[in-house]
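Hi,

Here is the structure I promised to pass on. Open it up next to this email, and then read on for what turned up in it.

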Number of protein chains: 2
Amino acid sequence: MDNLALCEANNAPLTPITFLKRASECYPNRTSIIYGETRFTWPQTYDRCCRLAASLLSLNIAKNDIVSVLAPNIPAIYEMHFAVPMAGAVLNPINTRLDAKSIAAIFRHAQPKILFVDRNLETLARATLHLLPDEEQRNLLVIFIDEPDRPKRISSNDQLDYEELIRRGEPSSSSAARMFRIQNEHDPISLNYTSGTTSEPKGVVVSHRGVYLSSLSVIMGWEMGKFPVYLWTLPMFHCNGWNLTWSVAARGGTNVCIRHVSAPEIYKNIESHGVTHMCCVPTVLNILLQGNSLDMSQRSKPVQVLTGGSSPPTALVEKVQRLGFEVLHVYGLTEATGAVLFCEWHDEWNRLPEKQKMEMKARQGVGILALADVDVKNKKTQESVPRDGKTMGEIVMKGSSIMKGYLRNPKATSEAFKHGWLHTGDIGVIHPDGHIQIKDRSKDIIISGGENINSIEVENVLYKYKKVLEAAVVAMPHPMWGETPCAFVVLEKRKTGQGDCDDQFMTREGDLIKYCRENLPHFMCPKRVVFMGELPKNGNGKILKHKLRNIAKSLVINDDNTIGIKH
Amino acid sequence: MDNLALCEANNAPLTPITFLKRASECYPNRTSIIYGETRFTWPQTYDRCCRLAASLLSLNIAKNDIVSVLAPNIPAIYEMHFAVPMAGAVLNPINTRLDAKSIAAIFRHAQPKILFVDRNLETLARATLHLLPDEEQRNLLVIFIDEPDRPKRISSNDQLDYEELIRRGEPSSSSAARMFRIQNEHDPISLNYTSGTTSEPKGVVVSHRGVYLSSLSVIMGWEMGKFPVYLWTLPMFHCNGWNLTWSVAARGGTNVCIRHVSAPEIYKNIESHGVTHMCCVPTVLNILLQGNSLDMSQRSKPVQVLTGGSSPPTALVEKVQRLGFEVLHVYGLTEATGAVLFCEWHDEWNRLPEKQKMEMKARQGVGILALADVDVKNKKTQESVPRDGKTMGEIVMKGSSIMKGYLRNPKATSEAFKHGWLHTGDIGVIHPDGHIQIKDRSKDIIISGGENINSIEVENVLYKYKKVLEAAVVAMPHPMWGETPCAFVVLEKRKTGQGDCDDQFMTREGDLIKYCRENLPHFMCPKRVVFMGELPKNGNGKILKHKLRNIAKSLVINDDNTIGIKH
């Protein structure tokens, strides 16, 4: 077999940017974006992205520069998922639920060249900039995104505005045409922070190749046919909306963008636009229950819902399905470039009793096609566990869709990739039917409303409170958010030798929570602080978090937000 | 952005072999193959392929060695699509409709190390080997595939038999484990001949990466959900069965293998196994009409049929759909690693009048997701034609799913890839809605029953007939095969000066056809030979084939195989 060389005709880099050009050519009459009264077709979206990319180049954006965006699910952040990489730059979508301090930490780490800000988040953005050193502030170009129907605010500081960039972009210029061609599919396309706090922000770098494969995998895993009408209930700043940003373009679908996720907003959009698909964290399933069921006489099929971030409670899935939704459970992580396990349904399972059926639905499932391998391995021996549904091990995976690594953090990168696998930290089993189920999540992560909270980061803040001697944070159940942090704290003994009375503890609990809210994003703050004489520890002095978790489990937050004991 | 290195965890070669391992792990209880009374599950198929691969290695098969197979759609040829590349070798599936001479030409060009032969094709194989020089015969190891239920024939020459290889394979041996890992996704996986004749066989080399992307593209283009029951009505030797060999594994589906394609066989299998999908050339649609319609009360959906190879006549599609099939038309070529344009259906089109709807259905469609670009270009200027449905140009494409090139034919390879695009030779238009439609096929290709016939090759054989002065071969319509070759011949003037009378021509037509059948595969032989005093030519002496095509179009072959004139 002689050596056949690769050439332009048979070796194009894999990049999701091709999906957009293809959509504009293959689906010229289809609606790409709906947002309030705004409508775009795929050729319009392609044109706007080309113009924006050209404008970015004219602002001297160079290859691999970081472009950050702070915005909810409005059309601009969707467009940036194509336009920024078209300019050779790397998109950095920021969690809008973070506080100024956390975002500033991201900026210090990522060193973005441009920040796009939704006008409604101006206060947060200005507070963040305020925390940056003068030089960094000067180096960061801030561009605001105004609502299309709102009169443009003119102020001396707002030199540049998003729509102005699109208007003046000249995609036909030679430099633009040159840059639009991605040279290497392993180049970074997005930088997604897994935790945005003061301590150590971890920036996950994903590649064109990785998101291309992940975008196709979610289409296949979800069996998403052509022309979906996709409702944006999952933030695009979460793993690029689990890659649906790109998948919807690949399918020639319609993106229904919404600013706020509420039951009336969701049901209104489903009705008006014939929504067929949506993704969300289990918390949003709760929100769906606050609305009416869908009028199925008007619909040929239920709305397909992909849910993940944490395992959805089976009772919740059951209730939501009765309203006219079909729920598919997935498991993913930012480091694996989105959803990697899909709970693929076998028709035979429909004959199972309802309870067992819902238990099947809550399992994490089987690996996507983009992965080369998924396994559950004994943490010590690194050997595969038997597929018996009982033996536990760590869920590991490998393949071209996995992240490139953590930005400027070789230690964390090599730790994540040791033994040639991505280590998820999640403990699970493999059932004889091939489905993986998580049995114990990575100890230090609390998932609240789909947001990962690293308990160690909350503990670090607590430790800085001068009266705190020891602190341990674990998950406690929450009716709305699934989980919420619960802190166990040992205070320094008072010099005066006074005993700790309940009354004082109550005051202190309020103080500590207030202190946390001043130093952490609100969703990360403990909803409950339990004071103890000492924390339970093993012989080596290691805090036994499972004991604390058991205590936390017995505490419940009532619907009126008071705390009670579970019976 | 610092340099993040690729490693084993995040950079696995793209190869369809992973689909098989995944199927065995994710779908352990599902049936992989049904063939008569034979049943395999995915773990069994994986095990058999590993064993076969190990046996190939023990036979000293080295990287990039060619392994040929001459077999209809039996389980063995399916297994070889995984086992041969697992051993690092390149699969060469041979068209069983070729004659010994054509196959021998392929062997001389491809230099295979092993030939697997279905026992029922033993005579053809022995005739082929007979045509090879002694040394080449000695270097080629021939292994027969016997029917599982048939008693094994013992003869001194049949040292090796397919099932014996599987029995004795030891996949756990260290050399096997090493080889099963593909190192480079650009490595060749299959060698598919586009024409297997004496003159110049063209061996299309496709890569692991190319077929991986094409396999996923056909899943998405066809919207093929999980667990299809796939009936093998398309030969696997045609572009690896348009990559469905690998796609069905990716989907955890069931392969229903059949030896012969006939109406009773197709309907029997659809009934017994709940077939959901099948691919075929339009000729098979004709065969479907010879059977009963499907009992749709027993089925939730029509059988999905992917058809291509040539444009299906609209009346035919209409009739077949009424029987309970849903036809999707695709366009592909071996050089593009299978189907590349899908006639994606828009629901709005259902409201069109039936005739117009069927015309939409006959268009070639839009490019698959694996392609980086598809276009229609003016052949002279290489500029894109306007998307007006009128302006014609050559259909060209580029992307990672395109072939690596032609084996040992750098001239043809560089010709195919000139200007950085794969040139299909097919002339078409782009409609304003983005769909491509072929208006004029590459002049020299006749498509008969889904087989491409290069008219030049037939002419070359005719020219060798001593009395032939000039010959030109073009397509004529055929009720069963779509097209069939029609030859126009000018004979040498007899020295004796006698005039050519009709009676003589009749004799000569029979002689020439008989001569062709002795020197060409039967499907390539002209069904009609028209004698002329001279061939129509332009000023430069070039034969005007379009004039001949017009004459050929007016000739029709009746259902009783006689020839008439179209009115």
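Let's start with a little cluster of charges: Lys21(A), Glu25(A), Asp373(B) and Arg387(B) are joined in a network of salt bridges. Before you get too attached to any of this, keep in mind that the model is predicted.

Two of those residues bring us to helix α1 of chain A, which covers residues 17–26. That helix is mostly covered, with nine of its ten residues buried. Glu25(A) is among the buried ones, and so are Phe19(A), Leu20(A) and Cys26(A). What do the buried residues of α1(A) pack against? Within chain A they meet α2, α3, α9 and α11, and from chain B they meet β15 and β16.

Now for the place where the chains meet. Here 74 residues of chain B are in contact with 75 residues of chain A. Together the two chains bury about 5900 Å², and 54% of that is on carbon and sulfur atoms. How many salt bridges are there between chain B and chain A? The count is 14, while a search of the whole structure gives 62 over all chains. A nice one to click on is Arg209(B) with Glu185(A), at 2.8 Å from N to O. On chain B's side of the contact, the elements that each supply at least two residues are α1, α9, β15, β16, β17 and β18. Sorted by class, that side has 40 nonpolar, 15 polar and 19 charged residues. There are also 33 residue pairs in polar contact between the two chains.

Inside chain A, the domain assignment gives domain 1 (17–280), domain 2 (303–440) and domain 3 (445–565). Eleven residues from domain 1 and ten from domain 3 make the contact between those two domains. They bury about 850 Å² between them, 44% of it on carbon and sulfur atoms. This interface has zero salt bridges and one residue pair in polar contact. Domain 1's side of it has two nonpolar, six polar and three charged residues.

A few salt bridges within single chains are worth a look too. Side chains of opposite charge can pair when their charged atoms come close. In chain A, Glu122(A) pairs with Arg126(A), with the closest N and O atoms 2.9 Å apart. They sit four residues apart in helix α5, so about one helical turn separates them. Glu122(A) is buried at 14% relative accessible area, whereas Arg126(A) is partly exposed at 37%. Glu265(A) and Lys268(A) also meet in a salt bridge, at 3.6 Å. These two are three residues apart in helix α12, again about one helical turn. Glu265(A) is partly exposed at 24%, and Lys268(A) is partly exposed at 49%.

Over in chain B, Glu163(B) forms a salt bridge with Arg48(B) at 2.8 Å. Glu163(B) is in helix α7 and Arg48(B) in helix α2, so this pair ties together parts that are 115 residues apart in sequence. Arg48(B) is buried, with a relative accessible area of 12%.

One last stop: is Asn255(B) buried or exposed? Its relative accessibility is 0%, so Asn255(B) counts as buried. This residue is in strand β10 of chain B, and its side chain makes a polar contact with that of Trp232(B) at 2.8 Å. Asn255(B) also touches other residues, including Ile33(B), Trp42(B) and Tyr78(B).

Happy exploring!

Key. Residues are numbered from 1 along each chain as its sequence is written. Chains are lettered from A and ligands numbered from 1 in the order in which they are written. This is a predicted model: local features need pLDDT of at least 70, side-chain atom pairs count only at pLDDT 80 or more; totals for chains, interfaces and linings use all residues. Side-chain values use heavy atoms; hydrogens and water are left out. Contact means heavy atoms within 4.5 Å. Buried area is the accessible area (1.4 Å probe) that two parts lose on being put together, summed over both. A salt bridge is a side-chain nitrogen of Lys or Arg within 4 Å of a carboxyl oxygen of Asp or Glu. A polar contact is a pair of N or O atoms within 3.5 Å; within protein, one must be able to donate a hydrogen and the other to accept it, and residues adjacent in sequence count only if both atoms are side-chain atoms. Ala, Val, Leu, Ile, Met, Phe, Trp, Tyr, Cys and Pro count as nonpolar, Asp, Glu, Lys and Arg as charged, and the others, Gly among them, as polar. Domain bounds come from an automatic or database domain assignment. Buried means under 20% relative accessible area, exposed over 50%, partly exposed in between (1.4 Å probe, protein chains only). Lists of a residue's contacts leave out its neighbours within four places in sequence.
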